[in-house]
Amino acid sequence: MDSDFITISIGWTSDLAHYEGHLRRAIDDCAIALPACHYRIHGTNNVANSHYTADDILKNCAEMSCHVGLIIDPHKATKKLDEILNHQDANTDYIILLTRQNIICHKPQDNYKHHTSRAAIITLKNCETGSDIRNISAILLEHIMRHFFMQQNIYRHCSRRDCIMTPMEEYRDIQRLASYEQQFDADAYCRECKVALHKSPYWKDEYLSIIKYF
């Protein structure tokens, strides 16, 4: 990958296929908030030149729960994504998969997402409408992408509840942040997080993001 830019592959499970238009708009929002990235959108197709779709990857990382039925182990899923990223023909720096399925919550801040330094799983389990899908996925994508941008502080969250980098524990808080972002047409990073983000080696005001669909 070009050291000046990062490439992000994004895919989603077939239970989100009907909402592709909403997900595209969410990715557009993310590309505006985090410019100068190359977004490779695979949707329900094979991810990052691999033989696996999001369905394939998450199906093989599912466990049975007596409370909710099949549930995804995000640790196993991101481990598989890391393996894909390590292939020389992956042609991407990071992978993010979205799903409406439940994920095992190993920590409270991982209720709606789980990430390693290069891979992430996002669940839209509580979204009921296309508008919810767009707004919530935009917030969670921007949250994850900011983690990727920060490199050395990859796991750090913000203590301010009105910042997009707050731990994503409660759905109502994510809804509130999404509402703020849509209402004021601005990202919901606090001033300190914005300053830190702009210091990232990946941040470039002068370049627009490139989005390609596969």
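**View 1. Helix 4 packed against helix 6 in the predicted model.** In this predicted model, helix 4, which spans residues 130-150, and helix 6, which spans residues 191-198, pack at an angle of about 50°, and their axes lie 9 Å apart. That angle makes helix 4 oblique to helix 6, and the crossing in which helix 4 passes helix 6 is left-handed. Helix 4 contributes Arg146, Phe149 and Met150 to the contact, where they meet Cys193, Ala196 and Leu197 of helix 6. Sorted by character, the residues of this contact comprise five nonpolar, no polar and one charged.

**View 2. Helix 1 crossing helix 4.** Two packed helices are described by the angle between their axes and the distance between the axes. For helix 1 and helix 4, the axes come within 8 Å and cross at roughly 35°, and this crossing is right-handed. From helix 1, the residues His22, Leu23, Arg25, Ala26, Ile27, Asp29, Cys30 and Ala33 take part, and they meet residues of helix 4 including Gly130, Ser131, Ile133, Arg134 and Ser137. Also on the helix 4 side of this contact are Ala138, Leu141, Glu142 and Met145. The residues of the contact between helix 1 and helix 4 divide into nine nonpolar, four polar and four charged.

**View 3. The open sheet of six strands.** The strands of this open sheet follow the order 6-7-5-1-2-8, and their pairing is mixed. At the edges are strand 6 (113-115) and strand 8 (210-213), each of which pairs on one side only. From one strand to the next, the twist averages 15°. Strands of a sheet pair through backbone hydrogen bonds, either parallel or antiparallel. Strand 2, covering residues 37-43, runs parallel to strand 8 and is joined to strand 8 by four bridges, and His38 stands opposite Ile210 in strand 8.

**View 4. Helices 1 and 4 on the sheet.** Helix 1 (residues 20-33) packs on the sheet, where it touches strand 1 (6-12), strand 2, strand 5 and strand 8, and its direction makes about 160° with that of strand 8. Helix 4 also packs on the sheet, touching strand 1, strand 2, strand 5, strand 6 and strand 7 (119-123), and the direction of helix 4 makes about 160° with that of strand 7.

**View 5. Confidence along the chain.** The chain averages a pLDDT of 90, and 94% of the residues score at least 70. Confidence is lowest in strand 3 (residues 62-65), with a mean of 80, and highest in strand 5 (residues 94-99), at 98. Where pLDDT is low, the predicted coordinates should not be read in detail.

Key. Residues numbered from 1 in each chain as written. Predicted model: local features only at pLDDT ≥ 70, side-chain atom pairs only at ≥ 80, totals over all residues. Heavy atoms only, no water. Axes fitted to C-alpha atoms, helices over the stretch in contact; angles between N-to-C directions. Helix = DSSP H or I, 4+ residues; strand = E, 2+ residues; numbered from the N terminus. Parallel < 35°, antiparallel > 145°, perpendicular 65-115°, else oblique. Left-handed = near helix turned anticlockwise from the far one by under 90°. Contact = heavy atoms within 4.5 Å. Nonpolar A, V, L, I, M, F, W, Y, C, P; charged D, E, K, R; others polar. pLDDT = per-residue confidence, 0-100. Pairing = 2+ DSSP bridges.
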